[in-house]
Amino acid sequence: MSTQINPTNEANISRGTAMGTATYAAPSQTPDGTTEAAQRFVEIKIARRDNPDSAQRWETFRIPYRRNLNIISCLMEIRKNPVMANGERTTPPVWDMSCLEQVCGICTMVINGKVRQSCSALVDQLDQPITLQPMTKFPNVRDLAVDRSQMFDHLKRVHAWVEIDGTHDLGAGAKMSQEDVAERYAYSRCMTCGCCLEACPQYGGDNYIGPQAIAQVRLFNMHPTGKMTRDERLEALMQDDGIQNCGNSQNCVRVCPMSIPLTKAIYEENRETIIHGLFGWLKR
Ligand code: SF4
Ligand code: SF4
Ligand code: FES
């Protein structure tokens, strides 16, 4: 069965399903002349780039609609047969993915203008045409793939781990209040996806360490053993690109898919750095 779609023909377009998606209904006939239920399509525009130095371009694809499609399934469908809506063949799009259940954070991209994970973005909940763009705060490697190593470099700078004194049994750890356990658990859920950094107006061009690293400072400074290297973390946050550059717009906390209380972490670490700046020299 061949299906011809004319996107400019309003008669072919049905809009306004329950979740606000647009679907493209093709008039279709079986070989024996009977009419089938209209086939529906998902229209996706992908911002493509062949290498870090080449110009970005848009390519539009149409794939058959299925219920419960997510963006990764759409990309896989396009990758199987990379033919654009205008019939031209192109290269398969490139993106990153791993866990497919919003745990690893690697599939993060900008979908319809909003930064989020592509494995958990459902077509039925998105307006069409769906636009896919790479995050803008990290170097664009190719198509939708970005290099997020700056985030991991920041984690190294803030010493985002707890020192241990060998691999022998250290005995029972110090007790923590349930409140502290709950707060630390929230920070521990960070999956270094980069959403908060993409949304932060201050982050970019090495001018600000960003909310993700600050939340990890809070996580490890609250730990009874992690406190031993607390000053090192605070000093990392007091550099030129440090915590003082937060403009308090609170975009970060709104986009974090793990609902991490980033503004609380920023508030607490701001307080800690001020106290360390004023009285830290007394410890020397
Ligand atoms: S509150 Fe600070 S860290 Fe969060 S988005 Fe605003 S400037 Fe960025
Ligand atoms: S704090 Fe939230 S938005 Fe930022 S990297 Fe971690 S999980 Fe992603
Ligand atoms: S593939 Fe891991 S979060 Fe999407």
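**Exercise 1. Find the residues that come nearest to ligand 2, then describe its shell.**

Solution. Start with the neighbours: of the 15 residues around ligand 2, Cys-190, Cys-193, Cys-195, Cys-196 and Cys-256 come nearest. Next, look at where the shell comes from: H4 and H5 are the elements that give two or more residues to it. Finally, sort the shell by class, and you get eleven nonpolar, four polar and no charged residues. Keep in mind throughout that this is a predicted model.

**Exercise 2. Do the same for ligand 1: work out which residues are closest and which element gives the most to the shell.**

Solution. Ligand 1 is surrounded by 14 residues, and the closest are Cys-200, Pro-211, Cys-246, Ser-249 and Cys-252. Now turn to the elements. H7 and H8 each supply at least two residues of this shell. The top contributor is H8, with three residues. By class, the shell around ligand 1 splits into seven nonpolar, seven polar and no charged residues.

**Exercise 3. Decide how much of helix H5 is covered, and say what its buried residues pack against.**

Solution. First pick out the helix, which spans residues 211-221. Then count: eleven of its eleven residues are buried, so H5 is mostly covered. Among them are Pro-211, Gln-212, Arg-218 and Asn-221. Last, check the partners. The buried residues of H5 pack against H2, H3 (178-188), H4 (195-199), H6, H7 (251-255) and H8. For scale, buried residues make up 31% of the 284 residues in the chain.

**Exercise 4. Is Met-151 buried or exposed, and which residues does it touch?**

Solution. Locate Met-151 first: it lies in helix H2, residues 149-157. Then use the neighbour count. A residue is buried if 20 or more other C-beta atoms lie within 10 Å of its own. Met-151 has 22 C-beta neighbours inside 10 Å, so it counts as buried. For contacts, set aside the neighbours within four places in sequence, and Met-151 is in contact with Thr-192, Gly-194, Leu-197 and Gln-212. Gln-212 should look familiar, as it is one of the buried residues in H5. You can also check a distance: the C-alpha atoms of Met-151 and Phe-138 are 9.3 Å apart, with their positions 13 residues apart along the chain.

**Exercise 5. Classify Glu-77 with the same neighbour count.**

Solution. Glu-77 sits in helix H1, residues 71-80. Buried takes 20 or more neighbours, exposed 12 or fewer, and partly exposed is in between. Glu-77 has 17 C-beta neighbours inside 10 Å, so it counts as partly exposed. As for spacing, Glu-77 and Pro-92 are 15 residues apart along the chain, and their C-alpha atoms are separated by 9.9 Å.

**Exercise 6. Work out how helices H6 and H8 are arranged and which residues meet.**

Solution. Take the geometry first. H6 (residues 230-237) and H8 (residues 262-279) pack at an angle of about 100°, with their axes 10 Å apart. Angles of 65 to 115 degrees count as roughly perpendicular, and therefore H6 and H8 are roughly perpendicular to each other. Now the residues: Asp-231, Leu-234 and Leu-237 in H6 meet Glu-269, Glu-272, Thr-273 and His-276 in H8. By class, this contact has two nonpolar, two polar and three charged residues.

**Exercise 7. Describe the chain as a whole: how many helices and strands are there?**

Solution. The chain has eight helices and nine strands. Then look at contact range: among contacts between residues at least 6 apart in sequence, 60% join residues at least 24 apart.

Definitions and conventions. Residues numbered from 1 in each chain as written. Chains lettered and ligands numbered in written order. Predicted model: local features only at pLDDT ≥ 70, side-chain atom pairs only at ≥ 80, totals over all residues. Helix = DSSP H or I, 4+ residues; strand = E, 2+ residues; numbered from the N terminus. Contact = placed C-beta atoms within 7 Å. Axes fitted to C-alpha atoms, helices over the stretch in contact; angles between N-to-C directions. Parallel < 35°, antiparallel > 145°, perpendicular 65-115°, else oblique. Nonpolar A, V, L, I, M, F, W, Y, C, P; charged D, E, K, R; others polar. Near = placed C-beta within 6 Å.
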